[in-house]
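Got your viewer ready? Let's take a walk through this one together, stop by stop.

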Amino acid sequence: MLTSEFTIRKIENLRPRLQAIVDKLLEDFAMGPQPSDLVSAFTLATPALAISELLGVPYDDHDFFQEQAMIMTSSTATREEASAANQALCEYLRELVAKRSESPGEDILSRLIVNHVRKGDITETDVVSLGRLLLIAGHETTANTTSMGVLFLLQRPDIWEELRQNPSLVPNAVEEMLRFLDVIQSGTRRVALEDVVVNGQLIRAGDPVVVLSISANRDQEQFKDPHVFDLRRDARTQIAFGYGPHQCMGQVLARVEMQIMFTALLKRLPNLRLAVPIESLAFKSDSLMYGVRALPVSW
Ligand code: HEM
């Protein structure tokens, strides 16, 4: 029901709209006071705005849904706090789904209602649940990867300059960032359905497995000098988006968003620099997704 929303063709058609979102946010940022936080104004705002538009969730409510997503992905939130955040988000989406049901628009929630709820394939509660998944998966991941990517490039002026002079390398740089900075540190969880031998290790049917992509993405048998960021390596076998039937549904969107953001940033703010010592930055060590909370920059 959802994969058709995220095909290469669908996302390529969205490219002009994504470009417009990026250009507007970056222009507002560039004209604003210095130093300013690039995360809230740009690296988080871009994917949040994009997924809001796609889903049909009003972006004006972004403070609310970003806060709930942050609590739900925090590894230090109590069970009660995480559950309350989940309930608040579901309640919010339930009201929205009811509104879209009355007057459907040109968005994913509306299409799920018209094409699937009305035909009896799924219920409105399922739409709430899918909307919640997409809303959270659709912005935190891309935002954290992009923020960490910017921070990395600011530490490596040689790579920044090379990309600035040769923007055709950006898609490759994005792929290498996904490999090198892989932000999902908690691993994806699976249960073996049958006995399986992985690299000489027997995993028995019923055994739980945590698959650490951060480790696989630094596997020296797959990637030469895995701890080196190499702009020219073919990193397309990285598994930051997971692997198999449940691999990330939004990976085409994430790639295109990141390509547009980095290309625009290198062009519009070529002299971007960190406005504070790197030691003073707050990192998300307490979250299922690694990242940096704010990036005060000048340009
Ligand atoms: C850099 C950005 C992103 C990263 C690193 C990322 C990573 C992942 C990973 C590791 C999984 C789990 C795969 C597995 O279980 O094997 C996943 C699943 C998923 N992602 Fe992403 N994601 C990103 C962006 C997005 C975006 C933009 C969207 C939505 C538009 C999205 C929607 C989803 C959905 C719906 C799933 C669940 C798929 C399923 O269970 O079948 N993701 N993602």
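Here is a short tour that begins at the ligand and then moves out to a helix and a few loops. Keep in mind that this is a predicted model.

**Stop 1: the iron.** Select Cys248 and show its side chain. Its SG atom sits 2.3 Å from the iron atom of the ligand and is the only protein donor there. Now trace the backbone on either side: Cys248 belongs to the loop between α11 (213-216) and α12.

**Stop 2: around the ligand.** Next, show the residues surrounding the ligand. There are 24 of them, and Ala137, Thr141, Arg190, His246 and Cys248 come nearest. Sorted by class, this shell holds 14 nonpolar, 9 polar and 1 charged residues. Try colouring α7 (124-137), α8 (140-155), β2 (188-191) and α12 (251-268), since each supplies at least two residues of the shell.

**Stop 3: polar contacts with the ligand.** Zoom in on Arg190, where a polar side-chain atom is 2.7 Å from a ligand oxygen. Then click His246: an N or O atom of its side chain also lies 2.7 Å from an oxygen atom of the ligand. Finish with Ala137, which uses its backbone instead, placing an N or O atom 3.4 Å from a ligand nitrogen.

**Stop 4: helix α6.** Select residues 108-117. Is this helix mostly covered or mostly open? Mostly covered: 7 of its 10 residues are buried. Highlight Ile108, Leu109, Ser110, Leu112, Ile113, His116 and Val117 to see the buried ones. What do they pack against? Their partners are α3 (45-55), α5 (79-102) and α7. Before you leave, look at the start of α6, where a side-chain oxygen of Asp107 comes within 3.3 Å of the backbone nitrogen of Leu109.

**Stop 5: a cis peptide bond.** Jump to Gln34 and Pro35. The peptide bond joining them is cis, with omega about -10°. Pro35 is in the loop between α1 (8-31) and β1 (36-37).

**Stop 6: two positive phi angles.** Select Asn199, in the loop between β3 (196-198) and β4 (201-203). Asn199 is not a glycine, yet its phi is positive, about 50°. Turn on the surface too: Asn199 counts as exposed because its relative accessibility is 81%.

Now select Asp225, which lies in the loop between α11 and α12. Asp225 isn't a glycine either, and its phi is near 45°, again a positive value. Is it buried, partly exposed or exposed? With a relative accessible area of 46%, Asp225 is partly exposed.

Definitions and conventions: Residues numbered from 1 in each chain as written. Predicted model: local features only at pLDDT ≥ 70, side-chain atom pairs only at ≥ 80, totals over all residues. Heavy atoms only, no water. Near = heavy atom within 4 Å. Polar contact = N/O pair within 3.5 Å; in protein donor to acceptor, adjacent residues only side chain to side chain. Helix = DSSP H or I, 4+ residues; strand = E, 2+ residues; numbered from the N terminus. Nonpolar A, V, L, I, M, F, W, Y, C, P; charged D, E, K, R; others polar. Donors = N, O, S within 2.8 Å, 3.2 Å for Na, K, Ca; no water. Buried < 20%, exposed > 50% of the residue type's maximum accessible area, 1.4 Å probe, protein only. Contact = heavy atoms within 4.5 Å.
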